[in-house]
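Me: I have a model open beside me and would like to go through it with you. Could we take it one question at a time?

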Amino acid sequence: MTKPFYLTTAIDYANGAPHLGHAYEKVLADTIVRFRRMKGEEVHFLTGLDEHGQKVQQNAQKLGIEPQACCDQVAELFQGICKELQISNDDYIRTTQPRHVKVVQEILQKLYDAGEIYKADYKGFYSIRQEQFVLEKDKTPDGKWPELFGEVIEITESNYFFRLAKYQDWLRKYLEDHPDFIFPAFRQKNVVEFLKEPISDLCISRPKERLSWGIELPFDKDFVTYVWFDALTNYYSASLEKQCWPADIHVIGKDILVPPHAVYWPIMLHALGLELPKKIVAHGWWLSAGRKVSKTKTDADADAPKEKTAIELMRELGADAFRYFVMREMNVGQDSEYSEALYLSRYKSDLGNDLGNMVNRVLNMTGNYCGHVLPAATVCEALEQNLRELWEKTERQYQALAADFQFHTALDVLWNFVRELNRYANERAPWKLAKSEDPADRAKMETSLATMAEGLRLVAVAVTPIMPGIAAKIQTLFGIEAAEKFEGNLAWSDILVGKTFGEKAILFPRPDDGKAPKKA
Ligand code: MSP
């Protein structure tokens, strides 16, 4: 039995509501798995919630509720947004679930028994916000702790340590031998750089008197597990039922690559004798006015002119448009700037004008000139021939770019084809041909409708992983069932001929941007 293609996202901290950054990561991951499924592969897709640790405990204290009750509320929000975004995850892990707690404790015990975990006194500086010990060398040139660390306190503690350092050379070698381990490639170079300096062993415990909200160490009930050790293990603990370890892809943001995913996690797995994930895809950040979109709003934000957030626009204009926007704008690995204006411009021009109007025109004309039944294409002149050839080229490029996570250019290439379809429609001008009594004009008119419809069907099939809802809607309006596989559905065909087309439909209604009054 071959194991399914196993893809995961980061698990979100249970300390606030989801925003564009979280939503983007889910859509990116979902797009990758939907491409795989369309190619006929079996997929297991995991996402979830990171429920332990100081951040969650502090947030619950602030709200005056129990940490678990707080996590339950946040889980509802995050699972809710996954549903809204049409995320097709097969599983949702929460790190307070017994299936996960059990595995974390087993792993800890195994490493402890093997001598990979030891107890030692540690005196040092600790960043409360980052939940980690920090070093003198982390200070800024003026001798202060970077703002990122928040409050830094000096503490002496007895703690448990995982022997990370002894695997440093092994990891360096592993990266040399697996140059494609991390995408994009320049991020792998960052890891190699990081490993040039000696790394320290990892403190994997927190005394309960300081932090009680965590997984108890199986060999010492006075301590709980460090949240990153606990959280990373989710990828493995959730894989057991499906027996789909190793993960094929971990999708994460660039901020959690070094050291957690690129250093701690590979070494943890190696020390346990488990296989490493095949690939880590580290995406960039969504920025707003140049700053990372995040949960914490600052005073500066409060003064900024009120923009609609991407999540608000998603609720107003639909999940498909959101998915298109983020995948079209973001070059995976780089940062991308969000603005309401950019979102609306993509919505109106790419979706409304280029795609939506075209579908609407085909439905309208098929209804008016052909009694809603799509006629056959009987003419094949250069105009039609060129389009077919362009499609073949487009489809090849689109698939190759998507396979390399270049979704933004893949969509650019696909939309170039959509715009060519529009140009074709304008050149053939079936609305003029329809007025002619000449049978040759009628044949051209019918041919143009069949050609436009087929072009749009192909676009719909191709764009299914990114806009599953709209793709299905177009195919349904064209009288066929939505394709569930690429195979057999991406070649130019006459499958739509004789099909009954639906009434005209507005796929992307005008946004309520306060500029244009809505048509009745
Ligand atoms: N709980 C940890 C991850 C543990 S994984 C074993 C965490 N949680 S998080 O809620 O802060 O972030 C979850 C994911 O969202 C991360 O991959 C992070 O990079 C991503 N994003 C959060 N803000 C983001 C943007 N502004 N833009 C894009 N993604 C960013 O880290």
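The questions below cover the sheets and then the inner space of this predicted model.

Me: Happy to start with the six-stranded sheet. Which strands stand at the edges of the open sheet of six strands?

Reply: Good place to begin. The strands pair in parallel, in the order β3-β2-β1-β12-β13-β7. A strand at the edge has a single partner, so one side of it is left without a neighbour in the sheet; that is the case for β3 (91–94) and β7 (182–183).

Me: Are the residues of β3 on its two sides buried or exposed?

Reply: Each face can be taken in turn, with buried meaning under 20% relative accessible area. D91 and I93 lie on one side of β3, and Y92 and R94 lie on the other. Both faces are covered, and these four residues are all buried.

Me: Staying with β3, which residue in it is the bridge partner of L46?

Reply: L46 falls in strand β2 (residues 43–50), which pairs with β3 in the parallel sense over four bridges. In β3, the bridge partner of L46 is D91.

Me: How many bridges join β12 to β13?

Reply: Strand β12 covers residues 249–253 and strand β13 covers residues 279–283, and the two run parallel. One of the pairings puts H250 opposite its bridge partner I280 in β13. The number of bridges joining β12 to β13 is five.

Me: What angle does the direction of helix α9 make with that of β12?

Reply: Helix α9 (residues 257–271) packs on the sheet, where it touches β7, β12 and β13. The direction of α9 and that of β12 make an angle of about 155°.

Me: Now the sheet of three strands: in β11, which residue is the bridge partner of L217?

Reply: That open sheet has the order β9-β11-β10 with antiparallel pairing. Its edge strands are β9 (205–207) and β10 (216–217), each pairing on one side only. Two bridges join β10 to β11 (residues 220–225), and the bridge partner of L217 is D220.

Me: Let's look inside. Which helix supplies the largest share of the lining of the largest cavity?

Reply: A search of the whole structure finds one cavity of 30 Å³ or more, with a volume of about 50 Å³. β1 (5–13), α7 (227–232) and α8 (234–237) each supply at least two lining residues. The largest share, three residues, comes from α7.

Me: And how many residues of that lining are nonpolar?

Reply: The lining includes A10, I11, W228, Y235 and H261. Two of the lining residues are polar, one is charged, and the nonpolar ones number seven.

Definitions and conventions. Residues numbered from 1 in each chain as written. Predicted model: local features only at pLDDT ≥ 70, side-chain atom pairs only at ≥ 80, totals over all residues. Heavy atoms only, no water. 1 Å grid on protein atoms, 1.4 Å probe; cavity = no way out; pocket = protein on both sides within 12 Å on 5 of 7 lines; lining within 4 Å. Points joined across faces, edges and corners; volume = space filled by probe spheres on them. Nonpolar A, V, L, I, M, F, W, Y, C, P; charged D, E, K, R; others polar. Pairing = 2+ DSSP bridges. Contact = heavy atoms within 4.5 Å. Axes fitted to C-alpha atoms, helices over the stretch in contact; angles between N-to-C directions. Buried < 20%, exposed > 50% of the residue type's maximum accessible area, 1.4 Å probe, protein only.
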